[in-house]
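Welcome! Grab your favourite viewer and work through a few exercises, each followed by a solution.

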Amino acid sequence: MNTAVQRSGSRFLGIDVSPLVLLCLLATWVVWGSTYLAIKYALLSFPPFIQMGSRFLVAGALLLAWMRWRGAPWPTRRQWRNALVVGGLMLGGGMGGVAHAELTVGSGLVVAFIAVVPLMITLLNLIWGVMPGRWESAGIALGLGGVLMLTQGHGFQASPGGLVAMAVACMSWSLGSVLSQRSLPLAQGAMGFASEMVCGGVVLMLLALLTGESWVWPPEPVAAGAWLYLVVFGSLIAFNAYMVLLARASASLAASYTFVNPVIAMMLGVWVAGETVTRFEWYAVGVVLAGVLLLLLQRRA
């Protein structure tokens with residue numbers, strides 16, 4: 001980052017950040033935090049796999065066309081293969097599992113469960129010999145303890161199927177994330193993400209076909225609006241903002257959305273959708289987020 005940018009920026013968590021980074025943080029914090037409520041409203045007319053598959057197919061195709069128009073090369077055959085595996089895991093199993101869980105579990109509790117993803121990624125990295133530090137180990141233990149508390153709350157106790165869907169979703173997302181970093185690289189920049197969305201969308205639509213999902217047409221206005229919000233703000237704006245953060249900010253700052261999203265999602269679920277979150281579940285979320293915070297502090301050190 002050049003000196004001019006640093007002088008025009010602000011201090012955030014003791015770090016010099018530019019206005020662009022601050023905007024990207026706002027997008028990943030607020031927009032991603034709100035998408036889980038949008039998923040619940042979209043479920044009024046779009047079943048889980050159709051909702052997610054159509055969302056990522058449209059967003060991926062638009063981004064792919066935009067990048068080609070700007071002269072970006074097509075992904076190679078190997079990169080398309082990698083995109084199919086990573087997209088199938090992160091979007092097919094990950095986001096598909098999230099949407100399926102929200103059929104029976106409140107959006108706030110779903111995203112609170114997702115906060116365990118950084119802990120799972122740290123554990124999976126052990127396969128590649130990446131050992132966690134002292135604070136990371138403490139964060140893993142604390143976060144997993146919080147997740148065990150969360151599974152004992154009313155929301156997940158009332159929906160064993162939702163709990164299974166979330167466990168599959170978190171493991172799929174974490175495994176896809178690690179594979180994309182360690183052994184299955186995608187095409188560079190936005191083209192890689194576009195190919196991942198297209199391939200993940202195809203996998204989701206195949207899952208919709210296999211499970212017998214069907215369209216509800218015409219969709220309810222609120223469901224159609226929520227679906228459009230997911231395409232434009234959730235897939236195109238927030239995901240690309242996250243890519244900018246990865247390129248221009250520290251990894252811990254980019255990953256801070258995992259700490260903020262659950263709080264925003266739970267508040268929106270309670271205030272807007274009238275979801276019920278018990279005091280015990282709030283305590284469990286606090287324990288999970290404390291574990292994630294320890295991970296972020298270790299990575300910043």
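Below are four exercises on helices, contacts and the core.

This is a predicted model, in which local features need pLDDT of at least 70, side-chain atom pairs count only at pLDDT 80 or more, and totals for chains, interfaces and linings use all residues. Residues are numbered from 1 along each chain as its sequence is written, and side-chain values use heavy atoms, with hydrogens and water left out.

**Exercise 1.** Work out how helix H5 and helix H13 pack.

Step 1: Find H5 at residues 107-114 and H13 at residues 257-271; helices are DSSP runs (H or I, at least four residues), numbered from the N terminus.

Step 2: Take the axes, which are lines fitted to C-alpha atoms over the stretch in contact, with angles running from 0 to 180 degrees between N-to-C directions. The angle is about 170°, and the axes are 7 Å apart.

Step 3: H5 and H13 are therefore roughly antiparallel, a label for angles over 145 degrees.

Step 4: List the contacts (heavy atoms within 4.5 Å). From H5 come Ser107, Gly108, Leu109, Val111 and Ala112, and they meet Asn261, Pro262, Ala265, Met266 and Gly269 of H13. These residues split into 6 nonpolar, 4 polar and no charged; Ala, Val, Leu, Met and Pro are among the nonpolar types, while Gly is counted as polar.

**Exercise 2.** Check the length of helix H10.

Step 1: The expected span is 1.5 Å times one less than the number of residues.

Step 2: H10 (residues 189-210) has 22 residues, so it should span 32 Å, and its end C-alpha atoms are indeed 32 Å apart.

Step 3: Look just past the helix, where Gly212 has a positive phi of about 75°.

**Exercise 3.** Are Ser172 and Leu268 buried or exposed?

Step 1: Buried means under 20% relative accessible area, exposed over 50%, and partly exposed in between (1.4 Å probe, protein chains only).

Step 2: Ser172, at 13%, counts as buried. Ser172 sits in H9 (residues 160-182) and touches Leu89, Met90, Gly93 and Gly94, leaving out residues up to four places away in sequence.

Step 3: Leu268, at 23%, is partly exposed. Leu268 belongs to H13, and its C-alpha lies 7.2 Å from that of Leu37, 231 residues away in sequence.

**Exercise 4.** Which residues have the most contacts inside the largest nonpolar core?

Step 1: Such a core joins buried Ala, Val, Leu, Ile, Met, Phe, Trp, Tyr and Cys residues through side-chain atoms within 4.5 Å.

Step 2: The core has 85 residues, and Ile39, Phe56, Val98, Ile114, Met166 and Cys170 have the most contacts inside it. Helix H2 (residues 19-42) gives the most, with 11 residues.

Step 3: Beyond four places in sequence, Ile114 contacts Tyr36, Val98, Met166 and Cys170.

Terms used:
Helix = DSSP H or I, 4+ residues; strand = E, 2+ residues; numbered from the N terminus. Parallel < 35°, antiparallel > 145°, perpendicular 65-115°, else oblique.
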